[in-house]
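Q: Please give me a close look at one part of this model: any closed-off space inside it. Once that's done, carry on to the charged pairs and the odd local spots, and keep it chatty.

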Amino acid sequence: MRKQYGGYNTYIRMMERLKGKVSRPIRLCVTWTAYWLRFQMLSTMPFHVTVHGKEIGHRSSFLWRWMQSTVYHRASGIIAISKYTAIELLRQFPMVDRGKIHVIYHGLPVIAYPKKSQTSPGIRIISIGQWIDRKGFDLLIDSVRRLTESMDLSLDIVTDSKAPTLTDSNIRIHIDIDEDSKKQLLANADVFVLANRHIGTDFEGLGYVILEAMQAGLPCIVGQNGGPAELIRDGVDGFVVDPESNVSLDQAICTLSNDANLRATFGKSAKTRALSQFSEVYAHERIIAYLST
């Protein structure tokens with residue numbers, strides 16, 4: 001397995017925990033890269049494969065698609081990280097045995113967040129992820145720019161070096177920062193937004209950063225097309241919107257920005273849900289129970 005930031009670590013830490021504690025070896029293929037395709041194509045050992053989202057439509061060549069189909073066919077089981085991912089897998093690979101697919105959400109270890117280090121009269125919005133189209137940073141930036149004309153908003157985007165240079169005084173881009181700095185930004189924020197969208201075959205399988213924001217006690221706004229809509233209950237933990245609708249995204253941001261009590265209520269609900277329904281311990285228990293059958 002390849003160590004990666006984010007949800008992959010749910011499986012990596014579980015396998016490390018199980019060393020020497022299982023009666024039979026567990027072969028679990030995690031990464032979305034070609035690794036498990038190249039090696040599992042020729043494998044005669046039973047194995048399970050995980051599907052995160054990006055690998056489904058990552059490449060469209062005939063050889064790549066044939067290799068994927070073969071691996072899905074030979075796998076003893078397939079773990080999808082969301083219902084949306086499972087549905088998209090079946091849509092793109094209709095010959096996959098749906099009985100092999102099991103939805104098990106990623107889990108997050110309990111994170112200790114620092115206290116808020118900055119206070120300001122305005123509302124601080126945060127978004128985190130790679131600078132790629134499906135994350136919808138362009139949609140979020142446009143929304144903040146529109147709303148800034150009548151509201152006191154600031155936006156922090158934690159991302160990679162592909163981000164463009166912006167001149168907006170209230171929009172800050174943080175490139176490849178360390179975990180402690182990211183935690184502090186989450187602690188200082190008032191609202192988390194991931195304006196994710198489904199573009200072609202590319203979609204957000206789940207959204208590990210959303211679980212981090214939920215644990216930080218932040219109300220969350222997420223896109224309706226993708227796994228994030230399964231994490232956030234609309235009107236309970238935040239809002240699920242169509243981010244490509246200016247009205248929908250703007251209204252959600254306005255509603256939370258103008259109501260401190262609602263932010264607190266949603267944030268508390270989100271944190272409780274993350275710690276109970278999406279804890280890493282709970283995820284490990286579900287994965288182990290599935291692999292043991």
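A: First, a working definition: a cavity is a set of grid points where a 1.4 Å probe fits but cannot get out, and its volume is the space filled by probe spheres set on those points. Keep in mind that this is a predicted model.

With a floor of 30 Å³, the count comes to one cavity, and the largest cavity holds about 40 Å³ of space. What's around it? The lining is made up of Ile104, Tyr105, His106, Gln277, Phe278, Ser279, Tyr282, Ala283 and Arg286. Helix α12 (residues 280-292) gives the most, with three residues. By type, the lining splits into five nonpolar, three polar and one charged.

Now for the charged pairs. The structure has 14 salt bridges. Take Arg134 and Glu204, whose side chains meet at 2.8 Å, N to O. That pair ties together distant parts of the chain, 70 residues apart: Arg134 sits in the loop between β5 (123-128) and α6 (137-148), and Glu204 in the loop between β8 (191-194) and α8 (208-215). Is this pair buried or exposed? Arg134 counts as buried because its relative accessibility is 8%, and Glu204 does too, because its value is 5%; the cut-off for buried is under 20%. The two also belong to a network of salt bridges that takes in Arg134, Lys135, Asp202 and Glu204.

The loop between β8 and α8 turns up again in another pair. Arg197 and Glu244 meet in a salt bridge at 4.0 Å, N to O. Here Arg197 is in that loop and Glu244 is in the loop between β10 (238-241) and α10 (246-257), 47 residues apart, another link between distant parts of the chain. Arg197 is buried, with 9% relative accessibility.

One further pair worth a glance is Arg233 with Asp237, a salt bridge of 2.8 Å, N to O. Its two ends are set quite differently: Arg233 is partly exposed at 35% relative accessible area, whereas Asp237 is buried at 0%.

Next, helix α7 (residues 179-188). Its buried residues are Lys182, Leu185, Leu186, Ala187 and Asn188. The cover over them includes β5, β6 (153-159), β7 (171-175), β8 and α8. Look at the start of α7 as well: a side-chain oxygen of Asp178 comes to within 3.1 Å of the backbone nitrogen of Asp180.

Just ahead of that helix there's an odd spot. Most residues other than glycine have a negative phi. Asp176 goes the other way, with a positive phi of about 45 degrees although it is not a glycine. Asp176 lies in the loop between β7 and α7, and it counts as exposed because its relative accessibility is 55%, the cut-off being over 50%.

Last stop, Ile87 in helix α5 (residues 83-92). This isoleucine is exposed, at 60% relative accessibility. From its C-alpha to that of Ile101, 14 residues apart along the chain, the separation is 9.8 Å.

Methods. Residues numbered from 1 in each chain as written. Predicted model: local features only at pLDDT ≥ 70, side-chain atom pairs only at ≥ 80, totals over all residues. Heavy atoms only, no water. Helix = DSSP H or I, 4+ residues; strand = E, 2+ residues; numbered from the N terminus. Buried < 20%, exposed > 50% of the residue type's maximum accessible area, 1.4 Å probe, protein only. 1 Å grid on protein atoms, 1.4 Å probe; cavity = no way out; pocket = protein on both sides within 12 Å on 5 of 7 lines; lining within 4 Å. Nonpolar A, V, L, I, M, F, W, Y, C, P; charged D, E, K, R; others polar. Contact = heavy atoms within 4.5 Å. Polar contact = N/O pair within 3.5 Å; in protein donor to acceptor, adjacent residues only side chain to side chain.
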